[in-house]
Amino acid sequence: MMDDLLACWKVWVPAMILNFSFMPMFARIPFVAGVSLVWTMILSSMRGGDVIHEGDIAGGELTGATLTLVKESLATNTAGSSVFQSPVDLDKNMSHFTISASGPDKIGFVALLSRFIANHGGNVTHSKQVRLGTDFIVLMHVAVPFEERQMLMKNLKQNKELKPLQIRTNMLQRRNTKDYIKPLHGLRIHSVGEDRPGILASISEMVAEKNMSIENVTTEIVMGNNGRRNFVLTMDCTTTATENRNW
């Protein structure tokens, strides 16, 4: 934010002084338009993302341009917090379980399932719902008061409207954070390239070699403007090793 503000001052303050001091009336609007063009290019240079070309991913081999590493946050020893924390680890006063489901796609399944959970005291935190072919796939984390957990899990499986989803539930145990070293920092890895086998395997192997823990992974196929099928990956990782900070 401060870099943007300083750049704005450096460009527009001299430009306005020059415009109103020396420019004739008929030239002031074209001059401002020209400065605006230059300012747009400066912002694009400062904040624009790198373009990953087809040649950057070949034969499953990853180059430096394949990954866009964005440092999301740093946790210091004094702050006492970790990176990419999950509510599963934070809320000690709630019971936690996961819902996995799949069934024929139907309009309204998300609304029906989420409303059913809310009406029974549950709170959906992490979730992923997607249509794949003719099926609708659901993965949810639900936090619920201890006294309402059993009833909610039972009613989910017995509800006739939700029966086509073949709902399965699984209890989650809150891990004892005292047994784990707090992460020093986190990275978000974003990769875009032509779809081909082995991209996820290659990136996850690189992360494992760096002794980093994968906290969350999302992958999808999107169609590019040229009709090419692109593989898009977003991966959140944490590490306790100081040498990985500048990876």
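Two strands pair if DSSP finds at least two bridges between them. I needed that first, for glycine 103, whose bridge partner in S6 is phenylalanine 136. The model I am reading is a predicted one.

**Entry 1. Whole chain**

I counted secondary structure before anything else: the chain has six helices and ten strands. It holds 247 residues, and 30% of them count as buried. I then looked at contacts with a separation of 6 or more, and 70% of these are between residues 24 or more positions apart.

**Entry 2. The sheet with S6**

I traced an open sheet of four strands, in the order S5-S6-S4-S7, and found the pairing antiparallel. Which strands stand at the edges? They are S5 (123-132) and S7 (168-172); each has a single partner strand, so one side of each has no neighbour in the sheet. For the turn between neighbouring strands of this sheet, I noted an average of 15 degrees, direction ignored.

Next I went through the bridges of S6, residues 135-144. S5 is joined to S6 by eight bridges, and the two run antiparallel. S4 is joined to S6 by ten bridges, again with an antiparallel run.

I looked up single partners as well. Phenylalanine 136 of S6 is the bridge partner of arginine 131, and phenylalanine 136 is also the partner of glycine 103. Serine 127 has methionine 140 of S6 as its bridge partner.

The link between S5 and S6 is a hairpin with two residues between the strands. In that turn I noted glycine 133, with a positive phi of about 65 degrees.

**Entry 3. Valine 142**

How many of the ten residues of S6 are buried? I got seven, so I wrote the strand down as mostly covered. I picked valine 142, which has its place in S6, for a closer look. Its relative accessibility is 0%, and because buried means under 20%, valine 142 counts as buried.

I listed what valine 142 touches, leaving aside its neighbours within four places in sequence: Ser95, His96, Phe97, Ile99, Ile117, Gly122, Asn123, Val124 and Leu152. Phenylalanine 97 is 45 residues away along the chain, yet its C-alpha atom is separated from that of valine 142 by 5.5 Å.

**Entry 4. Helices on the sheet**

I turned to H4, residues 109-119, which lies across S4 (95-104), S5 and S6. H4 runs at about 15 degrees to S6. H5, residues 146-158, packs on the sheet too and touches S4, S6 and S7. The direction of H5 makes about 10 degrees with that of S4.

Which residues of H5 are buried? I found Leu152, Met153, Asn155 and Leu156. Their cover includes S4, H4, S6 and S7.

**Entry 5. H4 against H5**

Two packed helices are described by the angle between their axes and the distance between the axes, so I took both values. H4 and H5 pack at about 150 degrees, with their axes 10 Å apart. Angles over 145 count as roughly antiparallel, and H4 and H5 are therefore roughly antiparallel to each other. Is their crossing left-handed or right-handed? I noted right-handed for H4 and H5.

On the H4 side the contact is made by Leu113, Phe116 and Ile117, and on the H5 side by Leu152, Asn155 and Leu156. I sorted these by class and got five nonpolar, one polar and no charged residues. Leu152 of H5 had already come up among the contacts of valine 142, as had Ile117.

**Entry 6. H1 against H2**

Last I went to H1 (residues 2-22) and H2 (residues 25-47). Their axes come within 11 Å and cross at roughly 165 degrees, which means that H1 is roughly antiparallel to H2. The crossing of H1 and H2 is right-handed.

From H1 the contact takes in Asp3, Asp4, Ala7, Cys8, Val11, Trp12, Ala15, Met16, Leu18, Asn19 and Phe20. From H2 it takes in Arg28, Phe31, Val32, Val35, Ser36, Trp39, Ile42, Met46 and Arg47. I classed the residues where H1 meets H2 as 14 nonpolar, two polar and four charged.

Definitions and conventions:
Residues are numbered from 1 along each chain as its sequence is written. This is a predicted model: local features need pLDDT of at least 70, side-chain atom pairs count only at pLDDT 80 or more; totals for chains, interfaces and linings use all residues. Side-chain values use heavy atoms; hydrogens and water are left out. Axes are lines fitted to C-alpha atoms, for helices over the stretch in contact, and angles run from 0 to 180 degrees between N-to-C directions. Angles under 35 degrees count as roughly parallel, over 145 as roughly antiparallel, 65 to 115 as roughly perpendicular and the rest as oblique. A crossing is left-handed if the near helix is turned anticlockwise from the far one by less than a right angle, and right-handed if clockwise. Contact means heavy atoms within 4.5 Å. Ala, Val, Leu, Ile, Met, Phe, Trp, Tyr, Cys and Pro count as nonpolar, Asp, Glu, Lys and Arg as charged, and the others, Gly among them, as polar. Buried means under 20% relative accessible area, exposed over 50%, partly exposed in between (1.4 Å probe, protein chains only).
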